[in-house]
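Open the model in your viewer and keep the sequence panel in sight. The tour goes from one selection to the next and says what is there.

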Amino acid sequence: MKPGIHPDYRTVLFHDTAADVFFLIGSTVETDRTQKHSDGNTYPYVLLDVSSASHPVYTGQQRKTQSEGRIAGFNKRFASFGSSPKNAEA
């Protein structure tokens, strides 16, 4: 390998904030933050919004979206369009 061109591969502490779960994974991600882990060592630290611990595909749980109320309101307001009887002229 050519020296000086490869990123630094090291153990990084990832924190899934949605599930409050920590993962120690080898990575080349760049971060300036560090965090002390339960094993007593300090690792580079990266926050995650979603991981396999909180994603509905992996957990099997469905989450309601914020837009469900808006969609229901739209359907309620415009449900009558197109459903009115048409005059049939022969």
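Is Ala53 buried, partly exposed or exposed? Select Ala53 in this predicted model: its relative accessibility is 29%, so Ala53 counts as partly exposed, since the partly exposed range runs between 20% and 50%. Ala53 sits in the loop that links β4 (42–48) with α1 (56–59).

**Stop 1: around Ala53**

Keep Ala53 selected and add Val21. The two residues are 32 apart along the chain, and their C-alpha atoms are separated by 7.2 Å. Val21 is one of the residues that Ala53 touches; the others are Asp16, Ala19, Phe23 and Thr59, leaving aside residues up to four places away in sequence.

**Stop 2: Asp20**

Now move to Asp20, in the loop between β1 and β2 (21–27). What is the phi of Asp20? Phi is positive there, about 55°, although Asp20 is not a glycine. The relative accessibility of Asp20 is 55%, so Asp20 counts as exposed, the cut-off being over 50%.

**Stop 3: Arg10**

Next select Arg10, in strand β1 (residues 10–16). Arg10 is buried but has no salt bridge. Which side chain of opposite charge is nearest to Arg10, and how far away is it? That side chain is Asp8, at 4.1 Å, and a salt bridge needs the atoms to be within 4 Å. Show the backbone of Asp8 as well: the side chain of Arg10 reaches the backbone oxygen of Asp8 at 3.2 Å. To see what surrounds Arg10, display Ile25, Gly26, Ser27, Thr28, Val29, Glu30, Thr31 and Pro44; Arg10 touches each of these, not counting residues up to four places away in sequence.

**Stop 4: Phe78 and its patch**

Go to helix α2 (residues 68–78), which includes Phe78. Phe78 has a relative accessible area of 34%, so this residue is partly exposed. Add Phe74 and Phe81: together with Phe78 they make a nonpolar surface patch of about 340 Å².

**Stop 5: the whole chain**

Clear the selection and colour by secondary structure. How many helices and strands does the chain have? There are 2 helices and 4 strands, and along the sequence they follow the pattern β-β-β-β-α-α. Of the 90 residues in the chain, 16% are buried. Among contacts between residues at least 6 apart in sequence, 35% join residues at least 24 apart. Switch on the surface to finish: the accessible surface of the chain is about 7,800 Å², and 51% of that belongs to carbon and sulfur atoms.

Note on methods. Residues are numbered from 1 along each chain as its sequence is written. This is a predicted model: local features need pLDDT of at least 70, side-chain atom pairs count only at pLDDT 80 or more; totals for chains, interfaces and linings use all residues. Side-chain values use heavy atoms; hydrogens and water are left out. Buried means under 20% relative accessible area, exposed over 50%, partly exposed in between (1.4 Å probe, protein chains only). Lys and Arg count as positive and Asp and Glu as negative; His and the chain ends are not counted. A polar contact is a pair of N or O atoms within 3.5 Å; within protein, one must be able to donate a hydrogen and the other to accept it, and residues adjacent in sequence count only if both atoms are side-chain atoms. Contact means heavy atoms within 4.5 Å. Patches are made of residues with over 30% relative accessible area and no salt bridge: like charges are joined within 9 Å, nonpolar side chains (Val, Leu, Ile, Met, Phe, Trp, Tyr) within 5 Å. Accessible areas come from the Shrake-Rupley method with a 1.4 Å probe; for residues, only the protein chains shown count as cover.
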